[in-house]
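Here is a friendly walk through a protein model for someone meeting it fresh. Have a look at the picture, then read on.

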Amino acid sequence: MRPGASKPIDMITVPGRIYPDAIAREELVSFMGRFQAAKRSAYQALRRGKEAGEIVKALHEKFFPNARWCQWAVEDAKSTIESQQELVKMYVSDLKAKIEKSEEKLERTRDRLHRQGIHARLNKLRARLVYWQGFLERDEVPPAVFGGKKNLLLLQEGKLSKEEWRELRSNSFYSVGQANMKGLEGQHGNANTEIVYHDLTGNFHLNVYIPPEPENKTGRRRKKEEWVTVPLEIPARYRNLLLQHLLKGEAYTVRVVRKDGRLECLISFSLGDTAPVDKDSVMAGIDLNPEVAAVTVVSPDGNFKASRCFWCPELVHVSHEKREWLAGNLAKEIAAWLKDMCVKQVALEELSFAQDHDTNRYFNRITHNFCKKLLFNRIVVALRKRGVAVFTVSARFTSLIGYFKYAETCGLSAHQAAALVIARRALGYAEKVPQDIMKLLSPKEGWRHFRLWGKLFGLFKAARKRAAREGYLIRRWQPEDWLVFMFAKTG
């Protein structure tokens, strides 16, 4: 594999809140119902295989005579389908890992009752795998329940009123911007949901274009009375960032969501991180783990410079809201330390669906994809807000290479050594297998170093299983101990 770096998605979301009066609120809520109905109609049409242009025309006639709102309803439906496709892949990957772990546990279990329980679990997991894998094979997605499946069950049980169910299904609208679009007051960036800043008052407000019903459309020109203007509150830490973006006249996307009686306004835009890798500057690598984020800085020649671990063991155990807060604080702490180290470019591992699942729920919870993705996104945004270029590299064998090649040499933990490999990979350095390990692997002619790391990975994985099966205490084993154990029977 040739080392190289790519860019993660360059997007930040600024949270805000709007405060409409009673009349404006009624108009916005009514429009949310129309938009969500159009989105559901677009979703079903996309699942039937219809083209986007054909769907837009149908929405234009049925819901609102404004091409942009029709396009954004289709785009929102497309993003729902794309999210489902990603989830299906993740479910399949997770189930395969769980089945593999359960089969390994079955091999080393002798108790009859325990084996019956594992067999029952395997049957359940395999049935679920067949169900989810069927969607991949048919190139389909499972039908979505807009409003939530749990809420639908509550509705069927009579524990949720029809009015509450309608509110859950009509709670947002979404508008994508373009730099050449202007709104009611001439602000570039979004034609239908325009954000305007007042220099005199220092406040923001949001202009929303609400098109008439299709049968009431009298022309193509938008009228002033069809706009709704509401005050927009932006948190202090985001105000300068949003204002700078508006002054540039660049595109931004707006999603207004009704939640617990409030109207949240989520504004997304690019931070403009387009810088390439600078091979003449230091690079930091970050290795994300359930309880610790390891950061290692390397010099332009690839040598170790500094390293630090940022611990947050409670991140995987707390509620969703507190997890968001902890991840944000941890990202700020990492970004502040890198700023003190004068680091201007950082590399992380590409997010992967593959997780090392076990048969106990505690381990599955701490290794779940969503927690790692949350921390990844928070760190990327925190770094880009401070002008740091962010890159991603392939995660293949980073932990293995760091452990066997750099951990003892540089006096680093396995996670810090993995972060060192990530930084070196982003700078373009390939990792050669050390000579002592090369002799043990006995490579065939023409084998490249990356293939040898793959062979060592397979041997190491098998050795870990064997050590656990034979009852060895491996917690304090060093790389040399593992090499002796792996090659003892073959040497």
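Where in the chain is Asn66 found? Its place is the loop between helix 2 (52-62) and helix 3. Keep in mind that everything here comes from a predicted model.

**A loop residue with its side chain busy**

Asn66 is buried, with a relative accessible area of 9%. Its side chain reaches the backbone nitrogen of Arg68 at 3.2 Å. A polar atom of that side chain also lies 3.0 Å from the backbone nitrogen of Trp69. Leave aside the neighbours within four places in sequence, and Asn66 is in contact with His60, Asn192, Tyr209, Pro211 and Arg222.

**Stepping back to the whole chain**

Now for the wider view. The chain holds 15 helices and twelve strands. Its C-alpha trace spans about 85 × 60 × 40 Å along the principal axes. Of its 491 residues, 45% count as buried. Take the contacts with a separation of 6 or more: residues 24 or more positions apart account for 67% of them. As for the outside, the chain exposes about 26900 Å², and carbon and sulfur atoms supply 51% of that area.

**Salt bridges**

How many salt bridges does a search of the whole structure find? The search turns up 21. Three of the pairs are set out here, with the N to O distance for each.

| Positive partner | Negative partner | Closest N to O distance |
|---|---|---|
| Arg34 | Glu213 | 3.7 Å |
| Lys465 | Glu104 | 2.7 Å |
| Arg166 | Glu163 | 3.7 Å |

Start with the salt bridge between the side chains of Arg34 and Glu213. Arg34 lies in helix 1 (residues 22-47), while Glu213 sits in the loop between strand 4 (203-209) and strand 5 (227-233), so the pair ties together parts that are 179 residues apart in sequence. Arg34 counts as buried at 13% relative accessibility, whereas Glu213 is partly exposed, with a relative accessible area of 32%.

Next comes the salt bridge that Lys465 forms with Glu104. Lys465 belongs to helix 14 and Glu104 to helix 3 (residues 67-107), so this pair ties together parts that are 361 residues apart in sequence. Lys465 is partly exposed, with a relative accessible area of 31%; Glu104 is buried, at 16%.

What about Arg166 and Glu163? They are three residues apart in helix 6 (residues 162-169), which means they are separated by about one helical turn. Arg166 is partly exposed, with a relative accessible area of 49%, and Glu163 is partly exposed too, at 47%.

Salt bridges can also join up into a group: Lys7, Asp10, Asp273 and Arg384 are linked in a network of them.

**A buried charge without a partner**

Arg258 has its place in strand 6 (residues 253-259). Which side chain of opposite charge is nearest to Arg258, and how far away is it? The answer is Glu167, at 4.4 Å. A salt bridge needs the charged atoms within 4 Å, so buried Arg258 has none. Glu167 still comes up in another way, as its backbone oxygen lies 3.5 Å from a polar atom of the Arg258 side chain. Not counting residues up to four places away in sequence, Arg258 touches Arg25, Val29, Met32, Glu167, Ser170, Asn171 and Leu263.

**Two helices to look at**

Helix 8 covers residues 320-340. At 1.5 Å a residue, its 21 residues should span 30 Å, and its end C-alpha atoms are 31 Å apart, which agrees. Several of its residues are buried, among them Arg323, Leu326, Gly328, Ile334 and Trp337. Just after helix 8, Cys342 takes a positive phi of about 60°.

Further along is helix 15 (residues 479-487), where Pro479, Trp482, Leu483, Phe485, Met486 and Phe487 are buried. What do the buried residues of helix 15 pack against? They pack against helix 11 (398-410), helix 13 (435-441) and helix 14 (449-469). Helix 14 has come up before, as the home of Lys465.

Terms used. Residues are numbered from 1 along each chain as its sequence is written. This is a predicted model: local features need pLDDT of at least 70, side-chain atom pairs count only at pLDDT 80 or more; totals for chains, interfaces and linings use all residues. Side-chain values use heavy atoms; hydrogens and water are left out. Helices (H or I, at least four residues) and strands (E, at least two) are DSSP runs, numbered from the N terminus. The expected span of a helix is 1.5 Å times one less than its number of residues. Buried means under 20% relative accessible area, exposed over 50%, partly exposed in between (1.4 Å probe, protein chains only). Lys and Arg count as positive and Asp and Glu as negative; His and the chain ends are not counted. A polar contact is a pair of N or O atoms within 3.5 Å; within protein, one must be able to donate a hydrogen and the other to accept it, and residues adjacent in sequence count only if both atoms are side-chain atoms. Contact means heavy atoms within 4.5 Å. Accessible areas come from the Shrake-Rupley method with a 1.4 Å probe; for residues, only the protein chains shown count as cover.
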